[in-house]
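The following exercises ask the reader to work through a protein fold step by step. Each task is followed by a worked solution.

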Amino acid sequence: METIADALESTPLSEERLGAVMAGRKLGFPVRYFPEIDSTNLLAWRLAGEGAPEGAAVVADAQLQGRGRLNRSWISPPGANVYVSLVLRPLIAPAAAPQLTLVAGVAVAELLSGWIPAGVRIKWPNDILIAGKKACGILTEMKSAAAAVDFIILGIGINVNMNREDFEPSLQETATSLKIAAGRPFDRLEVISALFSHLETWYRVFLSRGFPGVRETWLRHADILGRPIRATFKEEARTGVVTGIDADGTLIMKDTAGIIRRVLAGDIQLAKE
Ligand code: BTN
């Protein structure tokens, strides 16, 4: 039976096609493809535990238990979107691992800006918005020993060919897709191929220069300096203005009492959003 994706795509997803496009790449090879899976992150985690090399990838057409940050779920219907996970084995300290979320954010923002010239923005730490609505989420999960990372699973979900009415009603005001933003459908094989090359470019920058090599591009795409935000610290919410991002990727804000605070985890919102 023909799916929405077959009708739209000149080259529907398959392990054979993905393997041919990714052959020999540092990130994205070897690649496994599943028409349906619980979660690409879960399988990539298992494969990494069994010794999968850096760059190994898991791609799915649909996820039954797509996972988001902070125990949220990632709605993952078939035939329309991109759900991928990569195994990374960087020689970095566990404390530096969250920086990879920011690195991946830069790679995705650069990729999407090439197709959608206005309105692509990184929302710290892991969302990519288009015209203020979420088009992509990034979930990094790490296995580490005391001083070193064993592996990191970098999971990325991009809403590609969803129409507004394909999103469940609760998401229609907050989520978008490449198709909605660009007014045309996208070939998912091309999206995945371009995504993995952008990730490879920025991962190499990160490995050679650390987060400082990525910082300026991150700031340009995040467009957050000097903006009023509301950040949640444990149970407490504070408002303030973003004054920068550290060399290690920690967001810095000055709160309304004039106290400088480092935002390591949790959520932030632009105060006027
Ligand atoms: C978030 O915005 O909270 C992160 C969402 C990450 C979703 C992707 S889809 C591919 C990979 N597999 C998962 O189960 N989650 C990530």
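**Exercise 1. Overall composition**

How many helices and how many strands are there in the protein? Determine also whether the protein is as compact as a globular protein of its length.

Solution. The model is a predicted one.

Step 1. The protein contains seven helices and twelve strands.

Step 2. Its radius of gyration is 18 Å, and the globule rule gives 19 Å for 273 residues; the two values are close, so the protein is as compact as a globular protein of that length.

Step 3. The C-alpha trace spans about 60 × 45 × 30 Å along the principal axes.

Step 4. Of the 273 residues, 52% count as buried. The accessible surface comes to about 12600 Å², and carbon and sulfur atoms contribute 54% of it.

Step 5. Among contacts with a separation of 6 or more, 62% join residues 24 or more positions apart.

**Exercise 2. The seven-stranded sheet**

State the strand order of the open sheet of seven strands, and identify its edge strands.

Solution.

Step 1. The order is β1-β2-β3-β7-β6-β5-β4, and the pairing is mixed.

Step 2. Strands β1 (31-34) and β4 (120-123) each pair on one side only, and these are the edge strands. From one strand to the next, the twist averages 15 degrees.

Step 3. Within the sheet, β3 (residues 82-88) and β7 (residues 149-158) run antiparallel and are joined by seven bridges. Leu 88 stands opposite Ile 152 of β7.

Step 4. Helix α6 (residues 188-209) lies across β2 (57-60), β3 and β7, and runs at about 30 degrees to β3.

**Exercise 3. The edge strand β4**

Which way do the side chains of β4 point, and are they buried or exposed? Describe also how β4 connects to β5.

Solution.

Step 1. Val 120 and Ile 122 point one way from β4, whereas Arg 121 and Lys 123 point the other way. All four of these residues are buried.

Step 2. β4 pairs with β5 (residues 127-130) in the antiparallel sense over four bridges. The bridge partner of Lys 123 in β5 is Asp 127.

Step 3. The two strands, β4 and β5, form a hairpin with three residues between them.

**Exercise 4. Salt bridges and accessibility**

How many salt bridges does the protein count, taking a cut-off of 4 Å between nitrogen and carboxyl oxygen? Examine the accessibility of residues in selected pairs, Lys 143 with Asp 150 being one of them.

Solution.

Step 1. The count comes to 15 salt bridges.

Step 2. The side chains of Lys 143 and Asp 150 meet at 3.4 Å, N to O. A residue is partly exposed when its relative accessible area lies between the 20% and 50% limits. Lys 143, at 37%, is therefore partly exposed, and Asp 150, at 33%, is partly exposed as well. Arg 89, Lys 143 and Asp 150 are linked in a network of salt bridges.

Step 3. Asp 246 and Arg 262 form a salt bridge at 2.4 Å, N to O. This pair links distant parts of the chain: Asp 246 is in the loop between β9 (236-245) and β10 (251-255), and Arg 262 is in β11 (residues 260-263), 16 residues apart. Asp 246 has a relative accessible area of 23%, so it is partly exposed. Arg 262 also counts as partly exposed, at 42%.

Step 4. Arg 261 forms a salt bridge with Asp 255, with the closest N and O atoms 2.7 Å apart. Asp 255 has a relative accessible area of 6% and is therefore buried.

Key:
Residues are numbered from 1 along each chain as its sequence is written. This is a predicted model: local features need pLDDT of at least 70, side-chain atom pairs count only at pLDDT 80 or more; totals for chains, interfaces and linings use all residues. Side-chain values use heavy atoms; hydrogens and water are left out. Two strands pair if DSSP finds at least two bridges between them. Axes are lines fitted to C-alpha atoms, for helices over the stretch in contact, and angles run from 0 to 180 degrees between N-to-C directions. Contact means heavy atoms within 4.5 Å. The radius of gyration is taken over C-alpha atoms; the globule rule is 2.2 Å times the number of residues to the power 0.38. Buried means under 20% relative accessible area, exposed over 50%, partly exposed in between (1.4 Å probe, protein chains only). Accessible areas come from the Shrake-Rupley method with a 1.4 Å probe; for residues, only the protein chains shown count as cover.
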